[in-house]
Amino acid sequence: MIKIKRKKMLVAGVIGILCIILGSSYTYYRMTHFNQNVEINGINVGGLNKAQATKKLKTKTVSNNVYLNNKLFYRGKKTVSGFSSQDQRKIQKLLKKQWSFLPSKKKYSYRAIPSKMGNYRQIEIRNAVAAKLKSENQKRKKAVDAKAVLRYGKVGIDKAQKGDQYNVALILKTFDKQKYEQNVYLKNKIVQPLSETSKTVKHEKKMLEKLAARKVEYTVQNTKYDLEAKQVLNEVTYQNSNYQINQAGISKKIDEINKNQATLGKSISFKTHAGKTVTVASGGTYGWAIKSSDAVGRIINSFKKNEGTSQLDAKSDIYGTGYLTYGTGYDNTTNDGIGNTYAEVSISDQHLWIYKDGKEVVSTNVVTGKSSTNEDTPKGLWYVMYKESPSVLKGSESGSENYSVKVNYWAQFTNSGCGFHDASWRTNWASNAYLNDGSGGCVNTPVSQMKSVYDNLSQAEAVVVY
């Protein structure tokens, strides 16, 4: 009986030992081999141990094809996987991560960075895909964001318009997550427009409503113009924290002001020394006008920065022609803009008068440009550009191709070089001398009178020639 018991115990022990051996072998196998449906970088390594898996990964090539919505979008060149024996530690970590005591059919897709992987996919292919997406976008409809707009005094919202252009940035984010896979599978991402109910558009609307309530008081000489934003701003949007303003409405207003008040280049009605009213031809240099670009820029800047009502003076915006490009006569509001201080030259009378504050201070006979050779002193409204004493006059005239002559006093008033000067060489001072024996265009003045003329002329004052 005792022998039988010993025999049974021996058999049980053997069976136990065999079970332990088998269990240990099974456990060891399970711990050293991947489950059936395990992939590393898109390559199935099911049933392989780390050495076998590493070997398989090393021998595999990478296709590098890029698919968009499961359709081939870009065909890449095949490259080596980049795995080497150095990567066995990475494989071992993934082996532990997927381990289960019982065999599992659950699918696992792991990513591992190959130790010798190049930059072909992340640089060349990525750039090529980005370029192709952008190129395709040229043929696709662009989405238009909703936006708030101030038009002719009212703030409204332009609705969004959907498009079908690729959202390149989002698509490339998906690309970057698949840098180690066999192929790259991308999903179509479309650029979505900003909606009418977005916080951005609501903020735009609020900022435009603030702008619409603003006003600029623009003073031109003695006249004030109330420029209300809702009246002069044809179209305004608020983008990227800045007002985008259409300038047409303000430009039109400046043009109206110039038409009403500016004097530059305009003809004037002039009351002569004898009380006769004559029309002085346009085209001279005297006068001022508002430079539209300067005025519009200042007004827009004021609208942008100032709440409520702000004040601007047009004096900073005026310009002129000739020697003094900042304009002349802006402060003169009487006598058609020339004021009461000016020089008057009558071609028919061959006479010069100078007035200071409305009073005659100089009166002298003169000789103007030679009429028979079309060298007449130019008629029009000019200004004294500059004065010089003494001076050397150089130029040409009929009968003298080039001349250089010294004078004691010189005051130029036209761009072509005409001015007042003494003429010590002149002997013919008759009232009709200008017809056949006149100057080259200047106003010859007797030596005895020229100092008084010079002293009573001021730079920028009007010179009326008729």
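**Exercise 1. Locate Pro390 and characterise the peptide bond that precedes this residue.**

Pro390 is found in the loop between strand S24 (386-388) and strand S25 (391-397). Strands (E, at least two residues) and helices (H or I, at least four) are DSSP runs, numbered from the N terminus. The model is predicted: local features need pLDDT of at least 70, side-chain atom pairs count only at pLDDT 80 or more, and totals for chains, interfaces and linings use all residues. Residues are numbered from 1 along each chain as its sequence is written, and side-chain values use heavy atoms, with hydrogens and water left out.

The second step concerns the backbone. The bond from Ser389 to Pro390 is cis, and its omega is near -10°. Most peptide bonds are trans.

**Exercise 2. Determine the strand order of the sheet that contains S24, and identify its edges.**

Step 1: the order is S24-S27-S28-S29, an open sheet of four strands with mixed pairing. Two strands pair if DSSP finds at least two bridges between them.

Step 2: S24 and strand S29 (443-445) each have a single partner strand, so one side of each is left without a neighbour in the sheet. On average, neighbouring strands here are turned by 20° against each other, direction ignored. Axes are lines fitted to C-alpha atoms, for helices over the stretch in contact, and angles run from 0 to 180 degrees between N-to-C directions.

Step 3: within this order, strand S27 (residues 410-412) pairs with strand S28 (residues 419-422) in the antiparallel sense over three bridges. Ala411 has Phe420 in S28 as its bridge partner.

**Exercise 3. Describe the sheet that ends in S14, and the helix lying across it.**

Step 1: this open sheet has four strands in the order S9-S8-S13-S14, with antiparallel pairing. Strand S9 (154-158) and S14 stand at the edges, each with a single partner strand, so one side of each lacks a neighbour in the sheet. The average turn between neighbouring strands is 30°, direction ignored.

Step 2: S13 and S14 are joined over four bridges in the antiparallel sense. Thr237 has Gln244 as its bridge partner in S14, and Gln239 stands opposite Asn242.

Step 3: along S14, Tyr243 and Ile245 point to one face and are buried, while Asn242 and Gln244 point to the other and are not. Buried means under 20% relative accessible area, exposed over 50%, and partly exposed in between (1.4 Å probe, protein chains only).

Step 4: helix H6 (residues 199-212) lies across strand S8 (147-151), S9, S13 and S14, and runs at about 20° to S8.

**Exercise 4. For Asn240 and Asn70, establish the sign of phi and decide whether each residue is buried or exposed.**

Step 1: Asn240 lies in the loop between strand S13 (235-239) and strand S14 (242-245). The hairpin of these strands has two residues between them, and Asn240 takes a positive phi near 50° there. With a relative accessible area of 78%, Asn240 is exposed.

Step 2: Asn70 is placed in the loop between strand S4 (66-68) and strand S5 (71-74). Its phi is positive, about 70°, although Asn70 is not a glycine. Asn70 counts as exposed at 59% relative accessibility.

Step 3: for context, most residues other than glycine have a negative phi.

Key. Contact = heavy atoms within 4.5 Å.
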